Amino acid sequence: MEIDAAASGAMLKRERVRDAILELIEARRPGDAIPSERTLCASLGVSRPTLRAAVDELVVAGLLVREHGRGMFVAAEKITQELVSDRHSFSLPQAGGVWTSRLLEFSTLPAGARVSRKLRVSPAAEILYVARLRLVDGSPMAIEHLHVRADLVPGLTRGELEQGDLYEHLRDRHGVRVSEAVQSIEPTVVTRAEADLLDVPELSPALLFERLTTDDRGRPVEYVHSLYRGDRYRIVSRLTLGGHDEQPAGKEGHHPGIPPGDFTGGDPVPFSTRGVVQQNP
């Protein structure tokens with residue numbers, strides 16, 4: 001697949017604008033106003049269509065509210081349900097197919113205010129910013145934006161980001177052993193630039209993943225947000241309540257919304273939620 005340079009550039013510019021607006025949102029309370037479109041265009045040095053594309057995404061994501069004639073305001077906080085994964089297993093079973101990556105950007109830059117808070121480093125500290133298109137059997141499946149602490153992975157190469165498992169490379173070549181991650185998942189839609197890269201119609205449904213990964217020494221290693229095609233994925237959670245050593249006889253039938261079969265590959269973990277990402281055919 002040949003990557004459209006114009007689409008890639010538009011997507012990366014919108015991503016930078018989105019991060020700048022997110023910093024404004026996170027510095028305010030629900031109901032607070034953010035600067036006008038004209039002010040933001042001037043301060044960020046972008047066109048009105050580019051700014052509006054980023055704002056539209058944040059409105060759809062429920063982070064901003066537009067009020068006609070008044071402006072833009074920070075939306076009310078979302079109701080969050082925490083999903084607790086099996087602590088004996090770091091990763092979820094990956095969807096089938098052969099996974100490859102195409103790099104859209106690979107650069108070293110200052111962390112900035114927002115990313116530095118997540119990685120617990122100085123805003124001036126260097127990070128590796130990686131944008132890559134993830135493909136399954138040659139078909140585009142996701143867009144990933146990775147922010148990795150540069151001091152933990154000196155010499156990380158483009159090849160390590162394009163081939164193989166990144167966490168295996170971190171362990172085997174850089175001595176960084178990831179041990180835990182906090183991840184959120186929410187629905188969204190794709191912008192025109194993202195749609196061009198993912199080969200789907202504009203405003204198609206998608207899943208937005210945000211993840212902060214730490215190593216076995218408690219250091220934040222990477223902050224990632226990824227956009228997965230909603231037409232190819234669904235999330236299944238298996239809930240297990242503690243205090244029952246044995247399942248009652250005759251109660252093993254299929255539960256609505258949960259495919260039959262054991263997706264976890266092990267014994268139940270008390271009070272845990274196990275997620276499975278499945279690729280639809």
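In this predicted model, E57 and R18 form a salt bridge in which the closest N and O atoms are 3.2 Å apart. The two residues belong to distant parts of the chain, since E57 is in helix α3 (residues 48–60) and R18 is in helix α1, 39 residues apart. E57 counts as buried because its relative accessibility is 9%, below the 20% limit used for that class, and R18, at 4%, likewise counts as buried. In general, side chains of opposite charge can pair when their charged atoms come close. Both E57 and R18 also take part in a network of salt bridges, whose other members are R14, E15, D19, E26, R114, R117 and E194. The structure holds 24 salt bridges.

Helix α1, which carries R18, comprises residues 5–26 and has 22 residues. From its first C-alpha to its last it reaches 32 Å, close to the 32 Å expected at 1.5 Å a residue. The buried residues of α1 include A7, M11, L12, I21, L22 and I25, but charged residues are also found among them, including R14, E15, R18 and D19. An α-helix has 3.6 residues a turn, so residues three or four places apart point the same way.

A further salt bridge involving helix α3 joins the side chains of R66 and D56, with an N to O distance of 2.8 Å. This pair, too, links distant parts of the chain, with R66 in strand β1 and D56 in helix α3, 10 residues apart. R66 is partly exposed, with a relative accessible area of 38%, and D56 is also partly exposed, with a relative accessible area of 36%. Strand β1 (residues 64–67) runs antiparallel to strand β2 (residues 71–74), and 4 bridges join the two; within this pairing, the bridge partner of V65 in β2 is F73. The hairpin of β1 and β2 has 3 residues between the strands, and in it G69 takes a positive phi near 85°.

In strands β4 and β5, E144 and R134 meet through their side chains in a salt bridge of 3.9 Å, N to O. E144 is in strand β5 and R134 in strand β4, 10 residues apart. E144 counts as buried at 7% relative accessibility, and R134 is buried with a relative accessible area of 11%. The loop between β4 (126–136) and β5 (139–149) holds D137, whose phi is near 55°, a positive value in a residue other than glycine. Most residues other than glycine have a negative phi. At 55% relative accessibility, D137 counts as exposed. A positive phi, near 70°, is also found in L203, which is placed in the loop between α7 (192–198) and β7 and is exposed, with a relative accessible area of 57%.

Strand β7 (residues 205–215) contains E210, which is buried yet has no salt bridge. The nearest side chain of opposite charge, that of R114, is 4.0 Å away. The side chain of E210 does, however, make a polar contact with the side chain of Y223, at 2.6 Å. When its neighbours within four places in sequence are left aside, E210 is in contact with R18, R114, V182, Q183, S184, Y223, V224 and H225. Two of these contact residues, R18 and R114, are members of the salt-bridge network that also includes E57.

Terms used:
Residues numbered from 1 in each chain as written. Predicted model: local features only at pLDDT ≥ 70, side-chain atom pairs only at ≥ 80, totals over all residues. Heavy atoms only, no water. Buried < 20%, exposed > 50% of the residue type's maximum accessible area, 1.4 Å probe, protein only. Polar contact = N/O pair within 3.5 Å; in protein donor to acceptor, adjacent residues only side chain to side chain. Contact = heavy atoms within 4.5 Å. Expected span 1.5 Å × (residues − 1). Pairing = 2+ DSSP bridges.
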